[in-house]
Amino acid sequence: MIEIHCPSDADTRAAARRLAALCRPGDVIVLNGSLGAGKTAFAGGLAEGLGVDEPVTSPTFVLMRTYRSGFLPFFHVDAYRLGSIGEFEDLTAIESAEEGVVVIEWGGAVAVALPKDRLEVELTRNADESRTIRFHPAGTWTTRQLKEIES
Ligand SMILES: Nc1ncnc2c1ncn2[C@@H]1O[C@H](COP(=O)(O)OP(=O)(O)OP(=O)(O)O)[C@@H](O)[C@H]1O
Ligand SMILES: [Mg+2]
């Protein structure tokens, strides 16, 4: 497990940009953390790192947004409003991710439908508005240089 401290929104985005450098087609990244923890900010930084040239906005109402302007297709899912696991499966996010990177906010809610080979990112909001971000790797993620996210 890697843990980093991000005083500002810009720090959270920068950490996510560094994570992008470790991403490969087929990656599944889950973002967990309470309302306003910074999941969308993190997803935005990751998209920037993948070369996406549009701002990432919350996909809450469309459930999944696809960005194709980067080096890899980037799929951004918000599981918060999904009514069921079936609704998540209907998005075919995991199948889509075979060609790119899929990031799932509130992914804990659909954990049973996710591959075991995934990176779990847990964002916590501290009293001083800074964020603590913990990376829990599984599968191939355990062999990647997650330490590079720290600098
Ligand atoms: N250190 C920080 N890291 C991330 N965001 C921060 C930080 N400090 C302040 N913020 C602010 O907190 C807010 C985080 O909002 P964001 O939409 O990313 O959260 P979220 O976890 O996606 O929320 P939701 O659960 O509603 O989807 C933003 O307004 C961001 O600018
Ligand atoms: Mg969000």
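Both faces of strand E5 (101-105) are covered in this predicted model: Val101, Val103 and Glu105 on one side, and Val102 and Ile104 on the other, are all buried. In a regular strand the side chains alternate between the two faces of the sheet. Because five of the five residues of E5 are buried, the strand is largely enclosed by the rest of the structure.

**The sheet around E5**

E5 belongs to an open sheet of seven strands, whose order is E1-E7-E6-E2-E5-E4-E3 and whose pairing is mixed. The edge strands are E1 (2-6) and E3 (64-67), each of which pairs on one side only. Averaged over the sheet and with direction ignored, neighbouring strands are turned by 20° against each other. Strands of a sheet pair through backbone hydrogen bonds, either parallel or antiparallel, and both senses can be followed in the pairs set out below.

| Strand pair | Sense | Bridges | Residues that stand opposite |
|---|---|---|---|
| E2 and E5 | parallel | five bridges | Asp27 and Val101 |
| E4 and E5 | parallel | five bridges | Asp78 and Glu105 |
| E1 and E7 | antiparallel | five bridges | Ile2 and Phe135 |

E5 is thus joined in the parallel sense to E2 and also to E4, with Val101 of E5 standing opposite Asp27 and Glu105 of E5 serving as the bridge partner of Asp78. Towards the edge formed by E1, the pairing of E1 with strand E7 (131-137) is antiparallel, and there Ile2 stands opposite Phe135.

**The helices across the sheet**

Helix H2 (39-49) lies across E2 (27-32), E3, E4 (74-78), E5 and E6 (119-125), and it runs at about 170° to E5. Nine of the eleven residues of H2 are buried, so this helix, too, is largely enclosed by the rest of the structure. Those buried residues are Lys39, Ala41, Phe42, Ala43, Gly44, Gly45, Leu46, Ala47 and Gly49, and they pack against H1 as well as against E2, E3, E4, E5 and E6. After H2 comes Gly51, whose phi is positive, near 90°. Helix H1 (9-20), in turn, lies across E1 and E7, running at about 145° to E1.

**Gly38 and the surroundings of ligand 1**

Gly38 is found in the loop between E2 and H2. Is this residue buried or exposed? With 23 other C-beta atoms within 10 Å, against a threshold of 20 or more, Gly38 counts as buried. Leaving aside neighbours within four places in sequence, Gly38 is in contact with Thr12, Gly33, Leu123 and Arg131. Gly38 and Thr124 are 86 residues apart in sequence, yet their C-alpha atoms are 8.3 Å apart in space.

Gly38 is also among the closest residues to ligand 1, together with Thr12, Lys39, Thr40 and Ala41, in a shell of 19 residues. Helices H1 and H2 are the elements that give two or more residues to this shell. By class, the surroundings of ligand 1 comprise five nonpolar, eight polar and six charged residues. Two of the closest residues, Lys39 and Ala41, are also listed among the buried residues of H2, while Thr12, another of the closest, is one of the contacts of Gly38.

Definitions and conventions:
Residues are numbered from 1 along each chain as its sequence is written. Chains are lettered from A and ligands numbered from 1 in the order in which they are written. This is a predicted model: local features need pLDDT of at least 70, side-chain atom pairs count only at pLDDT 80 or more; totals for chains, interfaces and linings use all residues. A residue is near a molecule or strand if its C-beta atom, placed from the backbone, lies within 6 Å of it. Helices (H or I, at least four residues) and strands (E, at least two) are DSSP runs, numbered from the N terminus. Ala, Val, Leu, Ile, Met, Phe, Trp, Tyr, Cys and Pro count as nonpolar, Asp, Glu, Lys and Arg as charged, and the others, Gly among them, as polar. Two strands pair if DSSP finds at least two bridges between them. Axes are lines fitted to C-alpha atoms, for helices over the stretch in contact, and angles run from 0 to 180 degrees between N-to-C directions. Two residues are in contact if their C-beta atoms, placed from the backbone, lie within 7 Å. A residue is buried if 20 or more other C-beta atoms lie within 10 Å of its own, exposed if 12 or fewer, and partly exposed in between; C-beta atoms are placed from the backbone.
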